[in-house]
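Q: Please take a close look at one part of this predicted model: the protein surface that meets the DNA. Walk me through it step by step.

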Amino acid sequence: MAEILRTPDGGVNLARWRAAAPGVAARLAGWFDGARRDLPWRRHRTPWRTWVSEVMLQQTQVAKVVPYFERFCAAWPDVADLAAAPLEPVLKAWEGLGYYARARNLHRAARVVAERHGGRVPDDLDALLALPGLGPYTARAVLSLGFDRPVAVVDGNVGRVLARLAAVDRPLRPGADPEIFRLAEVLLDRAAPRRHNEALMELGALVCRPGRPACGACPLSPVCLARRRGRAADLP
DNA sequence: GTCCGGTCAG
DNA sequence: CTGACCGGAC
Ligand code: SF4
């Protein structure tokens with residue numbers, strides 16, 4: 001039965017996953033409704049707050065980000081506020097988070113948005129990718145989580161979840177592994193993309209963790225190939 | 001001590 | 001493409 005979800009050459013059988021996608025999305029959504037953490041950027045979701053949170057979360061853990069995020073958004077509640085601010089207090093607010101180029105880029109990008117996008121976070125992938133500090137992951141996260149647009153979002157967590165789900169038994173290509181990205185697109189719930197992507201990321205953070213995945217508590221375990229093969233912990 | 005992570009400059 | 005950026009988890 002496991003083999004039915006793979007092609008003869010061992011690759012991911014996208015056609016089969018396409019057929020399984022509604023069930024996968026429903027399991028994921030049902031779990032997420034009860035498991036989602038109450039985080040400040042979720043409590044009050046806007047494109048700007050999504051952007052700030054995702055940049056902070058790129059290389060910093062949730063628990064550490066929360067107080068920084070609260071202070072940052074209190075000081076600069078919208079992109080126009082940051083654009084109007086001098087750089088020094090922005091760097092000051094970032095102290096302790098590390099990767100200070102993120103703060104400089106965010107500040108520069110806010111000014112670009114003010115000057116070239118009328119002070120509105122653009123809801124366009126190419127425009128987002130052109131902003132400093134927004135790469136393939138963060139641009140898509142802003143689109144999907146901030147604007148609820150149907151785009152696949154694959155960070156390290158989601159890549160690992162999907163690789164296990166489809167038992168992709170090889171090192172993932174850094175950045176967007178093409179096969180994993182295609183799988184993410186096939187599984188995407190286009191009727192509720194924000195919830196779907198948040199749920200995938202939450203599953204990677206809380207259940208399908210790098211070290212010891214909690215398959216017993218996982219909503220996807222009935223359809224997970226790594227689980228079926230007892231390989232969950234040693235796949236990417 | 002080693003590894004990890006998105007993005008960017010080189 | 002590779003290495004640098006930083007701090008935390010292991
Ligand atoms: S069943 Fe286990 S390996 Fe598969 S997605 Fe869930 S936690 Fe990850």
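A: Start with the surface near DNA strand C. Its residues divide into 2 nonpolar, 3 polar and 1 charged. They are Gln61, Lys64, Gly96, Gly98, Tyr99 and Tyr100. Of the atoms of DNA strand C that come within 4 Å of the protein, sugar and phosphate account for 54%.

Now take the polar contacts with this strand. Lys64 has a polar side-chain atom 2.7 Å from a phosphate oxygen of DNA strand C. Tyr100 also points to the backbone of the DNA: a polar side-chain atom of Tyr100 lies 3.0 Å from a phosphate oxygen of DNA strand C. Tyr99 meets a base instead. Its polar side-chain atom lies 3.0 Å from a base nitrogen of DNA strand C.

Move on to DNA strand B. Here 13 residues surround the strand, and the closest are Gln59, Tyr99, Gly133, Gly135 and Thr138. Sugar and phosphate make up 56% of the atoms of DNA strand B that come within 4 Å of the protein. Tyr99 is worth a second look, since this residue is listed around DNA strand C and among the closest to DNA strand B. By class, the surface near DNA strand B has 6 nonpolar, 6 polar and 1 charged residues.

Three contacts with DNA strand B can be followed atom by atom. Gln59 places a polar side-chain atom 2.4 Å from a base nitrogen of DNA strand B. Gly133 uses its backbone: an N or O atom there lies 2.6 Å from a phosphate oxygen of DNA strand B. Thr138 uses its side chain, with a polar atom 2.7 Å from a phosphate oxygen of DNA strand B.

Which element gives the largest share of the surface near DNA strand B? It is H9, with 3 residues. This helix covers residues 136-147, and Thr138 lies in it.

Stay with Thr138 for a moment. Is Thr138 buried or exposed? Its relative accessible area is 3%, so Thr138 is buried. That value counts protein chains only, so the DNA plays no part in it. Leaving out residues up to four places away in sequence, Thr138 touches Glu54, Val55, Gln58 and Gly133. Gly133 thus appears twice in this picture: Thr138 touches Gly133, and a backbone atom of Gly133 lies 2.6 Å from a phosphate oxygen of DNA strand B.

Methods: Residues numbered from 1 in each chain as written. Chains lettered and ligands numbered in written order. Predicted model: local features only at pLDDT ≥ 70, side-chain atom pairs only at ≥ 80, totals over all residues. Heavy atoms only, no water. Helix = DSSP H or I, 4+ residues; strand = E, 2+ residues; numbered from the N terminus. Buried < 20%, exposed > 50% of the residue type's maximum accessible area, 1.4 Å probe, protein only. Contact = heavy atoms within 4.5 Å. Near = heavy atom within 4 Å. Polar contact = N/O pair within 3.5 Å; in protein donor to acceptor, adjacent residues only side chain to side chain. Nonpolar A, V, L, I, M, F, W, Y, C, P; charged D, E, K, R; others polar.
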